[in-house]
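Work through the exercises below with the model open beside you. Try each task before you read its solution.

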Amino acid sequence: MTVQEIREKAVESLRNSQLRDFPEQIRTASLDTDILISQILQKDRTWILFHRTTPVSKDDEEKIFSAIEKRKSGLPIAYITGHKEFFALDFLVTPKVLIPKPDTELLVEQVLSEIERRNSPVSLCDMCAGSGCVGISVLKNAGSSVSSAVFADISVDALEICRKNAARILGNERKKPEISFVPTNLFSDVVAGFDVIATNPPYVPSSVARALLEDGRSEPILALDGDVDENGESSGTDDGLSLISRLVPESYGHLFHGGALLMETGEYNAQETAALFEKAGFSCVRIENDMNGMMRNVIGFKK
């Protein structure tokens with residue numbers, strides 16, 4: 001089969017699959033197909049456009065349709081290709097970590113602004129680090145303005161992906177800060193203090209998190225469900241605040257005076273999270289909106 005024949009068959013297969021129950025995925029059928037063909041053939045989309053009559057080997061043809069079948073099950077493109085671009089960097093991703101989202105780039109921008117306004121290098125913690133997309137993006141762009149960084153997550157599997165991303169993206173940096181990876185339940189095994197804590201914790205209400213996963217996206221519930229107690233069990237609430245209510249005061253205790261906590265909470269509970277910041281003792285607490293005008297991040301400072 002030629003490139004064009006495979007492309008047409010793959011797009012039609014996606015559009016006629018069970019994905020018809022998920023309109024957004026139907027709309028991306030052509031784009032998804034092009035991405036998968038590009039990844040398997042190791043060619044860009046421009047090449048595909050101008051080589052439509054080029055024959056494809058049987059082996060590559062089988063790989064393409066195998067990938068299409070995975071996509072038809074609802075598995076995101078990033079999990080199929082193993083890669084996701086975030087903040088103009090290429091991150092490795094697996095179903096062990098949450099796929100980096102464009103909205104979270106705002107958190108990186110705000111952390112960079114906070115670091116820039118300080119007169120000396122800062123110590124940074126990326127709590128609930130997952131793939132490491134937040135902290136690694138900060139380190140890649142902040143240069144020597146970060147003296148040390150801790151990536152912390154309860155998932156050992158996630159930290160392994162984080163470690164690989166740090167090695168790939170920061171490995172050749174001339175002035176790379178001291179970096180450590182800590183498996184921990186929030187700050188239970190973190191002993192250091194920090195100037196800046198950045199975090200994109202699980203904050204989605206439990207019922208919403210489970211509904212989101214019904215489309216087969218296979219993202220880890222551990223990284224989404226904010227309604228878990230200190231033992232990882234259901235808290236019995238459904239507001240996405242159970243984990244955050246522990247994380248905020250623990251963060252306060254691990255910040256130096258004048259230190260900043262920057263947290264993504266999304267539209268689900270930003271106002272309630274801001275109240276938790278103030279209750280824990282943070283000052284100058286503010287909510288930042290994303291590019292769509294939705295409440296996204298909460299920022300506060302230790303007095």
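A salt bridge is a side-chain nitrogen of Lys or Arg within 4 Å of a carboxyl oxygen of Asp or Glu. This is a predicted model: local features need pLDDT of at least 70, side-chain atom pairs count only at pLDDT 80 or more, and totals for chains, interfaces and linings use all residues. Residues are numbered from 1 along each chain as its sequence is written, and side-chain values use heavy atoms, without hydrogens and water.

**Exercise 1. Salt bridges**

Find how the side chains of Asp225 and Arg210 meet, and describe where each one sits.

Step 1. Check the distance. Asp225 and Arg210 meet in a salt bridge, at 2.8 Å from N to O.

Step 2. Place the partners. Helices (H or I, at least four residues) and strands (E, at least two) are DSSP runs, numbered from the N terminus. Asp225 lies in the loop between helix 10 (206–212) and helix 11 (242–253), while Arg210 is in helix 10. The two are 15 residues apart, and the pair links distant parts of the chain.

Step 3. Check the cover. Buried means under 20% relative accessible area, exposed over 50%, and partly exposed in between (1.4 Å probe, protein chains only). Asp225 is buried, at 5%. Arg210 is partly exposed, at 44%.

Step 4. Look at the whole structure. It holds 19 salt bridges. Shared partners join Asp103, Glu264, Glu267, Asp290 and Arg296 into one network.

**Exercise 2. Two bridges of helix 9**

Compare the placing of the pair Lys96 and Asp157 with that of Glu160 and Arg163.

Step 1. Take Lys96 and Asp157. Their salt bridge has an N to O distance of 3.7 Å. Lys96 is in the loop between strand 2 (89–92) and helix 7 (105–116), and Asp157 is in helix 9, 61 residues apart.

Step 2. Take Glu160 and Arg163. Their closest N and O atoms are 3.8 Å apart. Both residues lie in helix 9, three residues apart, about one turn of the helix.

Step 3. Add the accessibility. Glu160 is partly exposed at 37%. Arg163 is partly exposed at 41%.

**Exercise 3. The sheet**

In what order do the seven strands of the open sheet stand?

Step 1. Read the order. It is 5-4-3-6-7-9-8, with mixed pairing. Two strands pair if DSSP finds at least two bridges between them.

Step 2. Find the edges. Strand 5 (178–183) and strand 8 (282–289) each have a single partner strand, so one side of each has no neighbour in the sheet.

Step 3. Follow strand 7 (residues 255–264). Seven of its ten residues are buried. Strand 6 (residues 194–199) pairs with strand 7 in the parallel sense over five bridges. Here Ile197 has Leu261 as its bridge partner. Strand 9 (residues 295–302) runs antiparallel to strand 7, again with five bridges. Glu264 stands opposite Asn297 of strand 9.

Step 4. Check strands 4 and 5. They are parallel and share six bridges. Ala149 faces Ile179 in strand 5 as its opposite residue.

**Exercise 4. Cysteines**

How many disulfides does the structure hold?

Step 1. Apply the cut-off. A disulfide is a pair of cysteine sulfur atoms within 2.5 Å. The structure holds zero.

Step 2. Test Cys128. Its closest cysteine sulfur, in Cys125, is 8.8 Å away, so the distance is too far for a bond.

Step 3. Sort by cover. Cys128 is buried, at 18%. Cys284 is exposed, at 60%.
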